[in-house]
Amino acid sequence: MEDELFPRERAEVAPGAVQVVDWLDAERQRALLAACRDWARPPAGLRTVRTPGGGTMTARQVCLGWHWYPYAYARTVVDGDGSPVKPFPDWLGALGRRAVADALGPDAVPAAPYDIALINFYDGDARMGMHRDGDEKTDAPVVSLSLGDTCVFRFGNTGTRAKPYTDVELRSGDLFVFGGPSRFAYHGVPRVRPGTAPAWLGLAGRLNITLRVSGL
Ligand SMILES: O=C(O)CCC(=O)C(=O)O
């Protein structure tokens, strides 16, 4: 929205957790969306994630580089069609490193390359409960890119799923990076606002791309 009274600004939500608004321009968003559409196709495409307790995640997911399933990584879709996970492209790793440099500064860019992308698709009333990203073997910052509908992103603390937490609005093109003392903070998506994606993008729903370093 360009007609807001107060322009949105970059924000440090917690130490080491930074939102950079409008980080992706329209051209980059369109290119990422086209790539996500390709990655979402089978084999090893978009799938519903089943949790050990018998539940299902409402956001559907596709992985690159390493396949995440609750709660480990594999090279094949062990909880789906069994196919090899799609490769993690170099250009996406370069984007991740640039994101960390812009959000946290050049010293925060990890020595090891980004090698995992988890791409979450939210439609209908999909959401994501509070959790920590703890299956990687490094503490390299997590990079999160948003496309499509606006969501409420809840960023909490490292000790508990409960308060204190901060709710921020992530819109299409926003970047959120969390590293350092916030790397293992609980976070989640309690709400997506349907119909808020920019019309020029051509996406109904929300995509989130998180980039991580596996250390595997
Ligand atoms: O969709 C988001 O913004 C958050 C995704 C997330 O927390 C995750 O993939 O672990």
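Biologist: Where does the largest share of the shell around the ligand come from?

Modeller: Four residues, the largest share, come from β13. This is a predicted model, in which local features need pLDDT of at least 70 and side-chain atom pairs count only at pLDDT 80 or more, while totals for chains, interfaces and linings use all residues. Residues are numbered from 1 along each chain as its sequence is written, and side-chain values use heavy atoms, with hydrogens and water left out.

Biologist: Which residues are around the ligand?

Modeller: They are Asn-120, Tyr-122, Met-128, His-131, Asp-133, Phe-153, His-187, Val-189, Arg-206, Asn-208, Thr-210 and Arg-212. Each counts as near because one of its heavy atoms lies within 4 Å of the molecule. At least two shell residues are supplied by each of β6 (116-122), β7 (128-131), β12 (187-193) and β13 (206-212); strands are DSSP runs of E, at least two residues long, and helices are runs of H or I, at least four, numbered from the N terminus. By class, the shell has four nonpolar, five polar and three charged residues.

Biologist: What makes Asn-120, for example, a polar contact of the ligand?

Modeller: A polar contact is a pair of N or O atoms within 3.5 Å. A polar side-chain atom of Asn-120 lies 2.9 Å from a ligand oxygen, which meets that limit. The corresponding distance for His-131 is 2.8 Å, and an N or O atom in the side chain of Asp-133 is 3.2 Å from an oxygen of the ligand, so these pairs qualify too. The protein covers 96% of the 300 Å² of accessible area that the ligand has on its own (Shrake-Rupley method, 1.4 Å probe).

Biologist: Why is the pair of Phe-153 and Phe-176 called edge-to-face?

Modeller: The structure holds seven aromatic pairs. In this one, the centres are 4.9 Å apart and the planes stand at 65°. Ring centres must lie within 6.5 Å, and planes over 60 degrees apart count as edge-to-face, so the name applies. Phe-153 belongs to β9 (150-155) and Phe-176 to β11 (175-178), so the pair ties together parts that are 23 residues apart in sequence.

Biologist: How do you know that the bond from Pro-42 to Pro-43 is cis?

Modeller: Its omega is near 0°. Pro-43 is placed in the loop between α1 (26-39) and β3 (60-64). The bond from Pro-70 to Tyr-71 is also cis, with omega near 0°, and Tyr-71 lies in the loop between β4 (67-69) and β5 (72-74).

Biologist: What is notable about the phi of Asp-22?

Modeller: The phi of Asp-22 is positive, about 55°, although this residue is not a glycine. Asp-22 is found in the loop between β2 (17-20) and α1.

Notes. A polar contact is a pair of N or O atoms within 3.5 Å; within protein, one must be able to donate a hydrogen and the other to accept it, and residues adjacent in sequence count only if both atoms are side-chain atoms. Ala, Val, Leu, Ile, Met, Phe, Trp, Tyr, Cys and Pro count as nonpolar, Asp, Glu, Lys and Arg as charged, and the others, Gly among them, as polar. Rings of Phe, Tyr and Trp (its six-membered ring) pair if their centres lie within 6.5 Å; planes under 30 degrees apart count as stacked, over 60 as edge-to-face and the rest as tilted.
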